[in-house]
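User: I am new to this structure and would like to go through it by question and answer. Please keep the replies plain.

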Amino acid sequence: MRTCVVLLLVFSSTVGALAVFQVESPASVPYPDGYRKWAHVRSGIIGPGNPAYKRFGGLHHIYANDEALRGYQTGSFPEGSVIVFDLLSIATTNDVTVETARRHIDVMHKDSKRFAETGGWGFEEFRGDTRDRNDEAPAPTVCFKCHAQQKAHDLVFSTLRK
């Protein structure tokens, strides 16, 4: 009995330590530090009448790192391109709409070797203003399936605002 208790304690401690020291898998997309200083691609509002409202409703800004900016300009996104979809809730009072809490950020990261099974792009979602991965987000293969509609534009929906 004592051995079982000791083993249980060791197992619990090990699991707890692993939870504290999250190790990114080779196929994970890193958090895009400093993305709000990158090039602003465009902004938009998805309202309640849109089918995507439940998941993407609110104000969004799209940002691109230098590599992705070249991709927007040329139509072909080079390795290392990172695109961020920054989604914020909105509130309207007296006909003035303002952003409120960040809902999540979605990140696309171009690395053809690491993300070969999803068209060369890695897909990730981070919760609110945290760096926590959203475990309730669709799987990268679900993101890829939707983005595959944009094959002619290297899987990217947005275009650079002129």
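## The pocket and the fold

Analyst: Helix H4 supplies the largest share of the lining of the largest pocket, five residues. The model is a predicted one.

User: Which elements give two or more residues to the lining of the largest pocket, and which residues lie nearest its centre?

Analyst: The largest pocket has a volume of about 740 Å³. Two or more lining residues come from each of helix H2 (53-56), S2, S3, S4, strand S5 (121-127) and H4. The lining has 28 residues, and those nearest the centre of the pocket are Phe56, Phe85, Asp106, His147 and Phe157.

User: How do the residues of the lining of the largest pocket divide into nonpolar, polar and charged?

Analyst: The lining is made up of 28 residues. They divide into 19 nonpolar, five polar and four charged.

User: In what order do the elements of the protein chain run from the N terminus on?

Analyst: The protein chain has four helices and five strands. Read from the N terminus on, their order is α-β-α-β-α-β-β-β-α.

User: What percentage of the residues in the protein chain is buried?

Analyst: A residue counts as buried when its relative accessible area is under 20%. The protein chain has 162 residues, and the buried ones make up 34%.

User: Among contacts between residues at least 6 apart in sequence, what percentage joins residues at least 24 apart?

Analyst: Contact here means heavy atoms within 4.5 Å. Among the contacts in the protein chain that join residues at least 6 apart, the part joining residues at least 24 apart is 50%.

User: How much of the area that the protein chain exposes do carbon and sulfur atoms supply?

Analyst: The exposed area of the protein chain is about 10,600 Å². Of this area, carbon and sulfur atoms supply 58%.

## Single residues

User: Is His61 buried or exposed, and which side chain does its own side chain join in a polar contact of 2.6 Å?

Analyst: His61 is in strand S2 (residues 58-64). Its relative accessible area is 16%, so His61 is buried. Beyond its neighbours within four places in sequence, His61 is in contact with several residues, including His40, Arg42, Phe85 and Glu99. The polar contact of 2.6 Å joins the side chain of His61 to that of Ser43.

User: Where is Asn94, and is Asn94 buried or exposed?

Analyst: Asn94 is not a glycine, yet it has a positive phi of about 50°. Its place is in the loop between strand S3 (82-93) and strand S4 (96-110). The relative accessible area of Asn94 is 74%, and therefore Asn94 is exposed.

User: Is Asp154 buried or exposed, and with which side chain does the side chain of Asp154 make a polar contact?

Analyst: Asp154 lies in the segment after helix H4 (140-147) and has a positive phi of about 55°, although it is not a glycine. With a relative accessible area of 16%, Asp154 is buried. Not counting residues up to four places away in sequence, Asp154 touches Gly75, Ser76, Phe77, Lys110 and Trp121. The polar contact, at 2.8 Å, is with the side chain of Lys110.

User: What separation do the C-alpha atoms of Val156 and Trp121 have?

Analyst: Val156 is in the segment after H4, and its relative accessible area of 1% makes it buried. Residues up to four places away in sequence aside, Val156 touches Tyr72, Phe77, Ile83, Met108, Trp121 and Gln150. Val156 and Trp121 are 35 residues apart along the chain, and their C-alpha atoms are separated by 9.8 Å.

User: Why does Arg133 count as partly exposed, and which residue has its backbone oxygen 2.8 Å from a polar atom of the side chain of Arg133?

Analyst: Arg133 lies in the loop between S5 and H4. Partly exposed covers the range between under 20% and over 50%, and Arg133 counts as such because its relative accessibility is 27%. The C-alpha atoms of Arg133 and Ser28 are separated by 9.9 Å, with their positions 105 residues apart along the chain. The backbone oxygen that lies 2.8 Å from a polar atom of the Arg133 side chain belongs to Val29.

Key: Residues numbered from 1 in each chain as written. Predicted model: local features only at pLDDT ≥ 70, side-chain atom pairs only at ≥ 80, totals over all residues. Heavy atoms only, no water. Buried < 20%, exposed > 50% of the residue type's maximum accessible area, 1.4 Å probe, protein only. Areas by Shrake-Rupley, 256 points an atom, 1.4 Å probe, with all protein chains shown as cover. Polar contact = N/O pair within 3.5 Å; in protein donor to acceptor, adjacent residues only side chain to side chain. 1 Å grid on protein atoms, 1.4 Å probe; cavity = no way out; pocket = protein on both sides within 12 Å on 5 of 7 lines; lining within 4 Å. Points joined across faces, edges and corners; volume = space filled by probe spheres on them. Nonpolar A, V, L, I, M, F, W, Y, C, P; charged D, E, K, R; others polar.
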